[in-house]
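Visitor: I would like a close look at one part of this protein. Please take a single helix and show me what surrounds it.

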Amino acid sequence: MAVANSLQKGSKNVPMTGIKAFNNLIGSDLMKAKIYQMVGRTDAQEFITSITSAVNSNPALAECDSQSIISAALLGQSLHLKPSPQLGYFYMVPYNNKNKGCKEAQFQMGYKGYIQLAIRTSEYVDIDAMEIREGEYLGRNKITGKPQFEFIEDDGVRENLPVVGYMAYFEMKNGYIKQIYWSKEKM
């Protein structure tokens, strides 16, 4: 009996992990009430379903402390980004917390999430990123230092050429344009 009591006391400090532990936590009336309060009744079930799906489909995430998974998902939700991993707005990424001796999920913004946040500002005319194929990168402008490209018009020809790098750019309503090119090696 004394051994069982000491195990129970010691287990209170151990984070709940595993799919079953997560499902028990997310399914509890107390956690549902907190999620309804933070997310709102209309989005709560979608939120719960999305993060449950993420945990069930990612064994590494299931090993994380259940509270940290919910905290990471709520951080994304606070930015009005959907927690579905299929959308790619943000991810709940497992990391080892050496201080606590367990795995924890941390919020990590995906590039699509950054695009969503930028679009919401209504300050952007265009935002994009694309592959640069062999022969399209012409080097840098000697005066401005900006990368120069000449894109191959025929998609059939273009798609058969190897990718040599990636270009990203944005244009704002005030006329500011930023363009960057990284080679495949640099990426």
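Guide: What follows is a close look at helix 4, then at its surroundings.

This is a predicted model: local features need pLDDT of at least 70, side-chain atom pairs count only at pLDDT 80 or more, and totals for chains, interfaces and linings use all residues. Residues are numbered from 1 along each chain as its sequence is written, and side-chain values use heavy atoms, with hydrogens and water left out.

The chain has eight helices and seven strands. Helices (H or I, at least four residues) and strands (E, at least two) are DSSP runs, numbered from the N terminus.

Helix 4 covers residues 41–57, which makes 17 residues. From its first C-alpha to its last, helix 4 reaches 25 Å. That is close to the 24 Å expected at 1.5 Å a residue. The expected span is 1.5 Å times one less than the number of residues.

Which residues of helix 4 are buried? They are A44, F47, I48, S50, I51, T52, A54 and V55. Buried means under 20% relative accessible area, exposed over 50%, and partly exposed in between (1.4 Å probe, protein chains only).

These buried residues pack against helix 2 (19–27), helix 3 (29–39), helix 5 (59–62), helix 6 (66–78) and strand 1 (90–97). Contact here means heavy atoms within 4.5 Å.

Now look at the loop between helix 5 and helix 6, where E63 sits. The side chains of E63 and K103 meet in a salt bridge, 2.9 Å from N to O. A salt bridge is a side-chain nitrogen of Lys or Arg within 4 Å of a carboxyl oxygen of Asp or Glu. K103 lies in strand 2 (residues 102–109), so defined by its DSSP run. The pair links distant parts of the chain, 40 residues apart. K103 counts as partly exposed because its relative accessibility is 26%. E63 is partly exposed too, at 43%.

A search of the whole structure finds five salt bridges. Another one joins E136 and R158, at 2.7 Å from N to O. E136 lies in the loop between strand 3 (124–133) and strand 4 (137–140), and R158 in helix 8 (residues 155–159), so the pair ties together parts that are 22 residues apart in sequence. Both E136 and R158 are buried.

Finally, step back to the whole chain. Of its 187 residues, 29% count as buried. Along its principal axes, the C-alpha trace spans about 80 × 35 × 35 Å.
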